[in-house]
Amino acid sequence: MRRNPVSLSGRVLSVLSVSLLLAPATSAQSVPNGYPASYKAVIDGAKKEGKMIIYSSTDQASAQPLLDDFKKEYPFVNVEYNDIGTSQLYSRFLAEAAAGTPTADVLWSSAMDLQVKLAADGYALSYASPESKNFSAENSYQNMAFGTTLEPAALIYNKRLVKPGDLPATHAAFAALLSGGKLTNKIATWDPEKSGVGFTLMEYDNQSSKDFGAVSLGLGKAQAGLYSSTGAMLEKVTSGEALYGYNIIGSYALLRQKTVPDLGMKFWKDGTIAFQRVAVINKASKAPNTAKLFLDYLLSRRGQLVMANQSLIYSLRGDVAGKATRAVLTQQVGGAANLKVIAVDKRLLDNLVPATRNTFLNLWRKNVKGQ
């Protein structure tokens, strides 16, 4: 995962997909269709601001098409994009905010609980986005933390080394496979003690699947490798060092499949978790208008089309067509009832209560690490 800031100034812009060209068009710097006329003040304000800093856990390769198109829509913006792990993103922002040193204007992270906590603790700007009408209540927290994607936690596998008949369809089948003695050191999954999104996915898995206990025991028996980034797990599986990757971010696997045809991805018949990548505007932002433009872009049909067709990040809106959309995902998992969506709401804060967090981590350490 890249840690260095990347400036968009002077970057060659990518060509929009055919699907994007079908989206309602707006000329650069004009008020988007359907927005109030007063939005011009936001655009004019952004023109007077300096650089906008983004801290994000979204991999650079996935984010770049969005950054390029945002620059095309608003050529005057100057954006510094920092690709940072979820836990580091949170702790870095808090340290910088406390010290009064320059920090992010926008935080865009897959660690949903940490993003909602920033909002609950008073670090987020309250903003009534013109795009909010296109989303449901489960997609935002008090107009301060906004879900922007709907991304599945998938089982990935190496097609060269795993026979189709060996693929488990349910968590119970996977637990049995793990306990069979043939997958020792051949599994990659999250380390929830080091990764924010890893904790979110594993803890929600524990809440929503009656077979998580058996799966976690199986991970321990198989001596699963524990990692803090999707990229590392994708490398383990594509190289053949691991045969399976458990609860992997499906968007990154989908993008990797473009260049690695041996990478397979499967969803669970007994329920597939889907998380939302949450965006927050810093309440003390030095570029609040530019930050609003970027948030609204992420939520807009135009931005969601880029997600679905170029970034291959599963989009959240229901009026978007493409390869990575809510409709496609719903079909892939076997229907809406089989899609376990983690809502952007205050219940996420329970994950951060020490007693609750320690209860899960103690279970994890006992079952997976034998501690």
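Which residue caps the N-terminal end of α7? S195 does, through a side-chain oxygen that lies 2.9 Å from the backbone nitrogen of G198. A polar contact here is a pair of N or O atoms within 3.5 Å; within protein, one must be able to donate a hydrogen and the other to accept it, and residues adjacent in sequence count only if both atoms are side-chain atoms.

Before going on, a word about the model. It is predicted, so local features need pLDDT of at least 70 and side-chain atom pairs count only at pLDDT 80 or more, while totals for chains, interfaces and linings use all residues. Residues are numbered from 1 along each chain as its sequence is written, and side-chain values use heavy atoms, with hydrogens and water left out.

**Helix α7**

Helices (H or I, at least four residues) and strands (E, at least two) are DSSP runs, numbered from the N terminus. The 13 residues of α7 should span 18 Å at 1.5 Å a residue, and the end C-alpha atoms of α7 are indeed 18 Å apart. That expected span is 1.5 Å times one less than the number of residues. Buried residues of α7 include G196, F199, M202 and D205. Buried means under 20% relative accessible area, exposed over 50%, and partly exposed in between (1.4 Å probe, protein chains only).

**Salt bridges**

The structure holds 18 salt bridges, each a side-chain nitrogen of Lys or Arg within 4 Å of a carboxyl oxygen of Asp or Glu. Here are some of them:

| Pair | N to O distance |
|---|---|
| R92 and E96 | 3.1 Å |
| D262 and R160 | 3.0 Å |
| E193 and K369 | 2.7 Å |

R92 and E96 sit four residues apart in helix α4 (residues 86–99), about one turn of the helix. R92 counts as partly exposed at 27% relative accessibility, whereas E96, at 15%, counts as buried.

The salt bridge between D262 and R160 has its closest N and O atoms 3.0 Å apart. D262 lies in the loop between α10 (250–256) and β11 (263–266) and R160 in the loop between β7 (151–158) and α6 (171–178), so this pair ties together parts that are 102 residues apart in sequence. D262 is partly exposed at 31% relative accessibility, and R160 is partly exposed at 48%.

In the third pair, the side chains of E193 and K369 meet at 2.7 Å, N to O. This pair links distant parts of the chain, with E193 in the loop between β8 (187–190) and α7 (196–208) and K369 in helix α14 (residues 354–369), 176 residues apart. E193 is partly exposed at 30%, as is K369 at 34%. Elsewhere, K40, D44 and K47 are joined into one network by salt bridges that share partners.

**K292 and the cores**

K292 belongs to helix α11 (residues 288–299). K292 is buried yet has no salt bridge, and the nearest side chain of opposite charge, E49, is 8.0 Å away. For charge, Lys and Arg count as positive and Asp and Glu as negative; His and the chain ends are not counted. Not counting residues up to four places away in sequence, K292 touches Y39, V42, L125, Y127 and I281, where contact means heavy atoms within 4.5 Å.

The largest nonpolar core has 102 residues, of which M52, F70, L219, Y244 and Y246 touch the most other members. Helix α11 gives the most to this core, with seven residues. A nonpolar core is a set of buried Ala, Val, Leu, Ile, Met, Phe, Trp, Tyr and Cys residues joined through side-chain atoms within 4.5 Å.
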